[in-house]
Amino acid sequence: MEITPDLIRHLERLSRLELSPEEESRMAGDLKNIFDFFEKLGELDTEGLSELVRPVELTNVLREDQPGAVLSQEEVLSVAIEAKDGFFVVPKMIE
């Protein structure tokens, strides 16, 4: 991937950063080094290698879902600031 000044300025806008020209130049060099490293990793021959081995075995500890008390629609809507036709009325968020 080519690291261009336009790409650096785009990343600045996305991250809401204001970089000096020296910082932009340093960032371009750092990004190039990172991308070069990933390209080297892509060149490795991984044929025949086993999957990733973790030093510590990770397991999710999840509880079984258990149904609890259920509120009726009327009970839920009784605390609504505004309700219409059985639904909560909220301010519009997207234009």
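## The loop after helix α1

Arginine 16 sits in the loop between α1 and α2. This is a predicted model, and arginine 16 is a good place to start looking at its backbone. Although arginine 16 is not a glycine, its phi is positive, at about 55°. Most residues other than glycine have a negative phi. With a relative accessible area of 76%, arginine 16 is exposed.

Aspartate 85 is another residue to inspect. Its phi is near 55°, again a positive value in a residue other than glycine. Aspartate 85 is found in the loop between β1 (83-84) and β2 (87-88), and at 68% relative accessibility it counts as exposed.

## How α1 and α2 pack

What is the angle between α1 and α2 where they pack? The two helices meet at about 100°, and their axes are 10 Å apart. α1 and α2 are therefore roughly perpendicular to each other, because angles of 65 to 115 degrees fall in that class. On the α1 side the contact is made by Ile8, Arg9, Leu11 and Glu12, and on the α2 side by Glu24, Met27, Ala28 and Leu31. Sorted by class, this contact has 5 nonpolar and 3 charged residues, with no polar ones.

Alanine 28, in helix α2, deserves a second look. This residue is partly exposed, with a relative accessible area of 21%; the buried class is kept for values under 20%. Leaving aside neighbours within four places in sequence, alanine 28 is in contact with Ile3 and Ile8.

## Links to the start of the chain

Leucine 7 belongs to helix α1. Its C-alpha atom is 8.9 Å from that of alanine 28, a residue 21 places away along the chain. Once neighbours within four places in sequence are set aside, leucine 7 is in contact with Met1 and Glu2.

Glutamate 2 also appears in a C-alpha distance with alanine 28: the two residues are 26 apart along the chain, and their C-alpha atoms are separated by 9.7 Å.

## Salt bridges

How many salt bridges does a search of the whole structure find? The search gives 2. One joins the side chains of arginine 9 and aspartate 6, with an N to O distance of 2.6 Å. These partners are 3 residues apart in helix α1 (residues 5-15), which means that about one helical turn separates them. Arginine 9 is partly exposed at 37% relative accessibility, while aspartate 6 is exposed, with a relative accessible area of 54%. Arginine 9 is also one of the α1 residues that make the contact with α2.

Lysine 32 and aspartate 36 form a salt bridge too, and their closest N and O atoms are 3.0 Å apart. Both residues lie in helix α2 (residues 21-43), where a spacing of 4 residues puts about one helical turn between them. Lysine 32 counts as partly exposed at 45% relative accessibility, and aspartate 36 counts as partly exposed at 28%.

## An aromatic pair

A search of the whole structure finds 1 aromatic pair. Phenylalanine 37 and phenylalanine 38 make up this pair, with ring centres 6.1 Å apart and 75° between the planes. The pair is edge-to-face, because planes over 60 degrees apart are put in that class. Is phenylalanine 38 buried or exposed? At 53% relative accessibility, phenylalanine 38 counts as exposed, since that class takes values over 50%.

Terms used
Residues numbered from 1 in each chain as written. Predicted model: local features only at pLDDT ≥ 70, side-chain atom pairs only at ≥ 80, totals over all residues. Heavy atoms only, no water. Salt bridge = Lys/Arg side-chain N within 4 Å of Asp/Glu carboxyl O. Buried < 20%, exposed > 50% of the residue type's maximum accessible area, 1.4 Å probe, protein only. Phe/Tyr/Trp six-rings, centres within 6.5 Å; stacked < 30°, edge-to-face > 60°. Contact = heavy atoms within 4.5 Å. Axes fitted to C-alpha atoms, helices over the stretch in contact; angles between N-to-C directions. Parallel < 35°, antiparallel > 145°, perpendicular 65-115°, else oblique. Nonpolar A, V, L, I, M, F, W, Y, C, P; charged D, E, K, R; others polar.
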